[in-house]
Structure formats: structure tokens, C-alpha cells
Amino acid sequence: MTRSPARLLQSLFGLLACAALPVSAGGAPAALGVCVVEQNPPFSSRTPQPVGVDVDVAQAVAARLGRVVQWQWITLQERGGLGRALKESVQAGSCALFAGLPVTDGSDDDLSARGLVASQPYVSVGYVLLTPAASAIGSMAAVGAQKIGAVTATPADLYLLAGGFNRSPFAGSAALLDALAKGQVGAGLLWAGRVAGDALPAGVVVREALQAPALQTRFVMVSRRSDTALTGAVDAALGALQADGSLDAIAARNGLPTGTQQGGR
């Protein structure tokens, strides 16, 4: 019987994943060390139990590889930030994967210099349009000459500037949300990760998830470039999870109003 292209693709994913399947000495599934940021909802949170997009995706990838996750929780330091976290975790070999790294154009160059490689993106998070609940604005097309706010110097702020909107910059998301709640601006753009991680003020609602490429932040898993078997197996697992809708389901379950990654690296 001839197998369908989808079944053949699924079989290929399985073969690639199995190629990097270590098993512990007792025959039980081997541990997969995964580093994640300790408190970064909706992407990762250690307490009261591990939850978040990065956590769910890492668990789903490990399950595809027949392994169990061994978590290493990372506290980001003010000095060094993510760069220091990478150096002291996956680069140092204390974990095999670092989940939840945001990437932008040019990020691959920095990772290559560190001896690291990124997986295909598993979620892409953009901006959402917010308005007061009583507003008649339902989309960006309806904003017109209304004053629209964004946090200054963010991709959303630059997007509004380039589009010739009646832009109103704010120092931070709290100030923008307060202005929306008080009706001081007709609309606002806020990063969807912030919306999912924090409750919106009463009377402020999400109207539209913007899909403009310039507004998207992609999230990947990072492994050591020398660990080619694991890198290939992770990409195969993510491809299978994208194909069967699991990545979309994980994003929705964690409150992200945008979809999973669209397109490759």
C-alpha cells in the first residue's frame, strides 16, 4: 500500500528523532537537561509547578524523543542578561538545551560565535491592538486619525511612526494601559507576551493580533553546535509538533493571541 506524503513525513520525523535517543543504563528513558528562565510568564514559571510555553514545548519535544526533562532554572542577572545565561548554562554544558531564546535578524551570528545553534522557531509573538471596551475601533484599519499609543522605541512604536499614525509614545506598558483605561488614547499596541502574562485593566480589550513581520519575535531552543544528533532530533520533533497542531494548541493554552511560527529561520 502506498503511504500518503503526510504519513511518510511523520515516519521521517520519527526516524530522525530515534537517531538521538539515548537510554539510561537501567533501560529507563534518559534525562534531557533543559534550561529555562525561572519566572517569565507566559513562557516559563517554576512555581507552583512548571508551566508556560517554553515548558510545554520542551516537555513535548522530550516526549517525542522518548526522554524525560531535567529542568535547570535560570535567574537572569541584570548584568549580562541572556548572554550571560547562555554562557553559564548551555555553553558550559550544564544543560543540553536552552528553551525560550528570542531571536531577531542577525541573532544567528552571535549564536555561532558562542558555538551554539538555534532550532526552528516554535512560536512567534507579535503585537495586539487594544482599545477601551466602549470603542468602535475593531482593527488597525479603523484607527484612522485616533491617537494610538505604544511603548517608545519598541517595534510597535517604529511601526506606527513608519505608517504615519497619530502616534503617542509611552515610557512603559503600565503607563500605556493606564492611558487606555482612562480613555486618554483611542487605541494602543502592546506586545502579546505582555498581554498573556498580565491581566488587562478593567475596560481594556484586545481587538486584533497584528501579523506584520516587523512586529514578530520568534522563540527557539538552543543547543551546542557540536551536538548535531540532538540538534537534528529537536528540529524533527518541532516539525512534527507543528504539523499535528500541537504548537498552536500550546500557544493558545498559555494565552497567546498569536499563532505559532510562520516560516523557517
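**Notebook: strands, a disulfide and two residues of S13 and its loop**

I began with strand S9 (residues 148-151) and found that this strand runs parallel to S11, the two being joined by two bridges. In that pairing I noted that Ile-148 stands opposite Ala-187 of S11. I keep in mind throughout that this is a predicted model.

I then looked for a further partner of S11 and found strand S8 (residues 127-132), which pairs with S11 in the antiparallel sense over four bridges. Here I recorded Leu-129, which stands opposite Leu-189 in S11. Is S11 enclosed by the rest of the structure, or open? I counted S11 as largely enclosed, because four of its five residues (187-191) are buried.

**Whole chain**

I looked up the totals and noted nine helices and 13 strands in the chain. Of its 265 residues, 43% count as buried, and the accessible surface comes to about 12700 Å², with 53% of that belonging to carbon and sulfur atoms. For contacts between residues at least 6 apart in sequence, I noted that 71% join residues at least 24 apart.

**Disulfide**

How many disulfides does a search of the whole structure find? I have one on record, formed by Cys-35 and Cys-95, with the sulfur atoms 2.1 Å apart. This pair links distant parts of the chain, since I find Cys-35 in strand S1 (residues 31-37) and Cys-95 in the loop between helix H3 (81-88) and strand S5 (97-103), 60 residues apart. I read the torsion about the S-S bond as about -115°, so I entered the disulfide as left-handed.

I also checked whether the two cysteines are covered. Cys-35 has a relative accessible area of 0% and is buried, and Cys-95, at 3% relative accessibility, counts as buried because the cut-off lies at under 20%.

**Helix H3**

Next I turned to H3, where I listed Gly-81, Ala-85 and Leu-86 as buried. These residues cover an arc of only 135° around the axis, so I place them on the same side of H3.

**Ser-223**

I located Ser-223 in strand S13 (residues 217-224), and with 3% relative accessibility I entered this serine as buried. Which side chain does that of Ser-223 meet in a polar contact? I found Thr-231, at 2.7 Å. Setting aside neighbours within four places in sequence, I listed the contacts of Ser-223 as Val-90, Ala-96, Leu-97, Gly-115, Leu-116, Val-117 and Thr-231.

**Arg-225**

I followed the chain on to Arg-225, which lies in the loop between S13 and helix H8 (228-243). Is Arg-225 buried or partly exposed? At 44% relative accessibility I had to enter this arginine as partly exposed. Not counting residues up to four places away in sequence, I found Arg-225 touching Ser-112, Gly-115, Leu-116 and Val-117. For Ser-112 I could be more specific, in that its backbone oxygen lies 2.9 Å from a polar atom of the Arg-225 side chain. I also noted the C-alpha separation between Arg-225 and Ala-118, which is 8.8 Å although the two are 107 residues apart along the chain.

Looking back over the contact lists, I see Gly-115, Leu-116 and Val-117 entered for Ser-223 and again for Arg-225.

Terms used: Residues numbered from 1 in each chain as written. Predicted model: local features only at pLDDT ≥ 70, side-chain atom pairs only at ≥ 80, totals over all residues. Heavy atoms only, no water. Buried < 20%, exposed > 50% of the residue type's maximum accessible area, 1.4 Å probe, protein only. Pairing = 2+ DSSP bridges. Disulfide = S-S within 2.5 Å. Polar contact = N/O pair within 3.5 Å; in protein donor to acceptor, adjacent residues only side chain to side chain. Contact = heavy atoms within 4.5 Å. Arc of directions from axis to C-beta. Areas by Shrake-Rupley, 256 points an atom, 1.4 Å probe, with all protein chains shown as cover.
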